[in-house]
Amino acid sequence: MTILRLAIPSPLRRLFDYLPPAATELATVELGVRVLVPFGNRDLIGILVEITDETQFERSKLKRAKKILDQQPPLPAHLFKLARWAASYYQHPEGDALQQALPVLLRKGHTCEYQHEILWRAVADADPNTLKSNATRQIELLALVNEHPSGISLDAIKAEGGNTTTLRALEEKQLVESFQRTHPSHHEQVLHEAPLTLNAEQQSALDQINKLPGFTANLIEGITGSGKTEVYLQAIEKKLNEGKQALILVPEIGLTPQTVTRFRQRFNTPIVVLHSNLSDRQRLDAWLQAREGIAKIVIGTRSAIFTPLKHPGIIIIDEEHDPSFKQQDGFRYSARDLAVMRARAEETPIILGSATPSLETLHNAKEGRYQWLKITQRAGTSLAPTFKLLDIRQEKLSEGLSTQLITAMRQHLANGTQVLVFLNRRGYSPTLSCNDCGWIADCDRCDAHMTLHREPPHLHCHHCDKQHGIPRHCPECNSDQLQPVGVGTERSEQALQQLFPNTPVIRVDRDSTQRKNAMHDIMDRVNSGEPCILVGTQMLAKGHHFPKVTLVAIINADSGLFSADFRGMERTAQLILQVAGRAGRAEDPGTVLMQTYHADHPILQTLVEHGYSAFAQEELHNRKVAQLPPYTHYALLRAETTTKYRAESFLGALRQQLEDDLLLPEHVHWIGPFPSPMEKRAGMHRAQLMIYAENRKALHQLLANLCWYLEQNKESRKVRWSIDVDPADTF
C-alpha cells in the first residue's frame, strides 16, 4: 500500500505518514506538491516529501489525505531541496520551513495561479494636473496606479487604501482604464537609458564577474559612493540580453523604492518587488510572474530568497553585511548564506556587495572561496570625506550638540549645502526620570527603560512594544519634577529647529516614515538640493544617495564600542562608515565630524586614520586568537520562561544530563548557561547556552541529537526553547 510522507507545519521535527486520497492516480504526483490533510481537529496544508511503501505505524491507524492541491510543485526541485536543507542546517521543523518558502496564500491552500485577470492602469496621456487640488483621494489613487505601469488589480488597490468609487471617478475622467491581463513578451531592447562609463576599477570588477560561466561567488568591497550599483546594473544587463532573470536582495523595505526607481530608469523590462508591505495577493502575483519568467528582475527583502526564477541568471545581495538578512525568530535562516547555496545549485554568479563587508564574508574572500573585487575610488569626480573626532569630554553640550559641531553646521548651510545628523535613538529621549527621588520609567516587561515620545506624547518600550501615557507625577514620591533624560531624534529635531529657524529640519526614523510614501517624499525634498538638516537613525545609513550633503555629524560615536556582543565592534565600525559615506557624494567635498568621549579609543583611531580594511584585519586577528567566528562555528540554545531563574536552571540541568548521558563529539564545547544580555524581555525571563566547535559537521551532529533529546524531554515542554545556528547577535 502506498504511503504519502508529508512535512506538516508543526513544532515537531518529523514527517507524517498518510494514506493517499481515495481514487488518486499517484503515478503523476510529484514530490513538493501541497496536500490537504486532517491534523488533530483541523485541516492543514502539508508538503509531499516522499512516496513510500513502508511505515512504522499500523496502516489501519493512518489517516487519509483529503486532496492533492497541485498538479505541479509550486517550488522547482532545487529550491525545494534548498528549503529542506535549510531546515536541517538551522535545526528548524521541516514542515514550517517549507511553508515559509511559499507565499502566504499558497500556505492557506489558494490555487497557484493569478486570481485577477482584469487590471487597471493610467491612460497614456493622463495628466494629474487636471484634477482639482482638493481631490486628494483621486490624486493619491492616480499616483498609485502610475506606480504600476504593467497594471494593478482592484484588490491591490483596496489593500493600498483606494476604493471602487474613486477608481470609477478617475475612469469617467478618462485618466485610468481597465484591461485584460496579458503576459508581456521579451523586449528586444532591454535598456531605457544607456549605462554609465565605468572607471578602471569598476570595469575590472565587471570583467571578473563576467569572465567565468556558471557559479562564481564575488565579493565587491567598494567604498561608499564607489559605484557598486552601476556594476550590478551592467552585470544584470548582460544576463537580460541572454534571456535570463536577476534576483536582487536589499536589507530593508525603506531601500526598496529607490532601488526600484533606479532599475526602472535603466531597464525596459518587467520588474516586480517582494516585501512585507505588499498584500498577500500582490506577493503571490509577483511571485508567479517571477516563476513563469515574465518578470525579468525581482527585487526583494530577506524572504524573497525562495522566489523561483524560470531562467535564473544572477543573484545580487546589496549591503551583504546587514544583520537584517538573518531572520531573528522562528525559522532563523540567513538569506545571504542561502543565496550562495542557491547560486551554486542554479550554476549562476552571485555578487555580495558592501563598503563594510561582514568579517565572515571577508574571511571567505581571504581564503579564496569568494572572488575578492575591490573598488577603492569614488565614482565620477567626488572624493572620500575627511574624518575628524570631536573630543567632548570637557565640552558643555546643548541638547547633545557641541559648540564646534554647531559652528561647522552653520558654515556648511551658509555654503548652500546640506547637513546630516546621525543619532541612533528614536523618540524624544531614552527615558523619563524624577529629579527628586531618582525614579526612572522602566518597562515592567523588559530589562529596559521606556522611551519618551512627544509625537504623540507617550512612553514606549521599543523591545516589547508596550505603550502608555506620560505620568504627571512620580509614581514613587508623587513629585511633579519629571524630566527627560538624554537625547533622541525628536529632541534633536526640536533643538535643531530652534538653532536654525530658517532651515528645514527633516527627521528620518521609523516613526516619521510610517505613512505610505513618506520616505519617497523625504527623498524628493532632500534631492531638491535646497539647504536642509537631516536628522535620523540608521535608516539614513543604508544606500541612500544625498548629493548635496557635505557634512555628516555623528552625535554619539561611542555607541556600541563596549557592547557585550562580540560583534559589537564590527557593527559599530560598519554603522559609522556607512553613515559617513553619505557625505560628499557629488562635486562638493564631504566632512564627517564624530562626537566622542573616547577620542583615543583604538577602534575609532583605526577607522579614522586607516579605514575599514585595517579595522577588519585587526578584528579578524582578535577573533582568531579568541576562537570566535569565523574561525569557529557556533549556535545558541535559548530558553525562556515566565518564572525568574527557571530558564537558566533548565539549561544547567540539561547540560549536566547531556554530559552524563551523551558522548560529546570531539572538539565540541559548551559555555554557560548564563542569562541573556537582556535577561527579561516581553515578560519572559531568558537564558542561553553557547555551543561551539571548530568542525561544522561535529557541531551539527550534536545539535541534531540535542533537538531529539529536547523533544523527548518532558521538562522541555515547560520551557520555550529554540536553537539559533550562526546567530547574528547574542541578545
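# Exercises on a predicted model

Helix H8 covers residues 228-241, which is 14 residues, and spans 20 Å from its first C-alpha to its last, close to the 20 Å expected at 1.5 Å a residue. The model used throughout these exercises is predicted.

## Exercise 1. Helix H8

Task: Decide whether H8 is largely enclosed by the rest of the structure, and state what follows the helix.

Solution:
- Step 1. A residue counts as buried when its relative accessible area is under 20%.
- Step 2. The residues of H8 that count as buried are Lys228, Glu230, Val231, Tyr232, Leu233, Gln234, Ala235, Ile236, Glu237, Lys239 and Leu240.
- Step 3. Because 11 of its 14 residues are buried, H8 is largely enclosed by the rest of the structure.
- Step 4. Just after H8 comes Gly243, with a positive phi of about 80°.

## Exercise 2. Leu206 and H8

Task: Place Leu206 in the model and find which residues are in contact with Leu206, leaving aside neighbours within four places in sequence.

Solution:
- Step 1. Leu206 belongs to helix H7, residues 200-211.
- Step 2. Its relative accessible area is 6%, so Leu206 is buried.
- Step 3. With neighbours within four places set aside, Leu206 is in contact with Leu198, Val231, Gln234 and Ala235.
- Step 4. Val231, Gln234 and Ala235 are among the buried residues of H8.
- Step 5. Leu206 and Val231 are 25 residues apart along the chain, and their C-alpha atoms are separated by 6.1 Å.

## Exercise 3. Helices H16 and H17

Task: Describe how H16 crosses H17 and which classes of residue make the contact.

Solution:
- Step 1. The axes of H16 (residues 568-580) and H17 (residues 602-610) come within 11 Å, crossing at roughly 35°.
- Step 2. The crossing is right-handed.
- Step 3. H16 contributes Met569, Ala573, Ile576 and Leu577 to the contact, and H17 contributes Ile603, Leu604 and Leu607.
- Step 4. Sorted by class, the contact has seven nonpolar residues, no polar ones and no charged ones.

## Exercise 4. Two serines

Task: For Ser429 and then Ser433, give the place, the burial and the backbone oxygen beside the side chain.

Solution for Ser429:
- Step 1. Ser429 sits in the loop between strand E16 (418-422) and strand E17 (431-434).
- Step 2. Its relative accessible area is 0%, so Ser429 is buried.
- Step 3. A polar atom of the Ser429 side chain lies 2.9 Å from the backbone oxygen of Thr431.
- Step 4. Apart from residues up to four places away in sequence, Ser429 touches Thr451, Leu452, Pro484, Val485, Gly486, Val487, Gly488 and Arg491.

Solution for Ser433:
- Step 1. Ser433 is part of strand E17.
- Step 2. Ser433 is counted as buried because its relative accessibility is 11%.
- Step 3. A polar atom of the Ser433 side chain lies 3.1 Å from the backbone oxygen of Trp439.
- Step 4. Apart from residues up to four places away in sequence, Ser433 touches residues including Gly438, Trp439, Ile440 and Val485. Val485 is also one of the residues that Ser429 touches.

## Exercise 5. Lys366

Task: Work out whether Lys366 is buried or partly exposed, and which side chain makes a polar contact with the Lys366 side chain.

Solution:
- Step 1. Lys366 is in helix H12, residues 359-366.
- Step 2. The relative accessibility of Lys366 is 41%, so Lys366 counts as partly exposed.
- Step 3. Residues up to four places away aside, Lys366 touches Trp372, Gln617 and Leu620.
- Step 4. The side chain of Gln617 makes a polar contact with the side chain of Lys366, at 2.8 Å.

## Exercise 6. Backbone details

Task: Locate the cis peptide bonds before Pro456 and Pro673, then the positive phi values of Gln91 and Glu399.

Solution:
- Step 1. The bond from Glu455 to Pro456 is cis, with omega near -10°. Pro456 is in the loop between strand E18 (451-454) and strand E19 (457-460).
- Step 2. The bond from Gly672 to Pro673 is cis, with omega near 10°. Pro673 lies in strand E27, residues 668-681.
- Step 3. Gln91, not a glycine, has a positive phi of about 55°. Gln91 is in the loop between helix H1 (77-89) and helix H2 (94-100), and at 9% relative accessibility it counts as buried.
- Step 4. Glu399, also a residue other than glycine, has a positive phi near 50°. Glu399 is in the loop between strand E15 (386-391) and helix H13 (403-414), and at 29% relative accessibility it counts as partly exposed.

Key:
Residues numbered from 1 in each chain as written. Predicted model: local features only at pLDDT ≥ 70, side-chain atom pairs only at ≥ 80, totals over all residues. Heavy atoms only, no water. Buried < 20%, exposed > 50% of the residue type's maximum accessible area, 1.4 Å probe, protein only. Contact = heavy atoms within 4.5 Å. Polar contact = N/O pair within 3.5 Å; in protein donor to acceptor, adjacent residues only side chain to side chain. Expected span 1.5 Å × (residues − 1). Axes fitted to C-alpha atoms, helices over the stretch in contact; angles between N-to-C directions. Left-handed = near helix turned anticlockwise from the far one by under 90°. Nonpolar A, V, L, I, M, F, W, Y, C, P; charged D, E, K, R; others polar.
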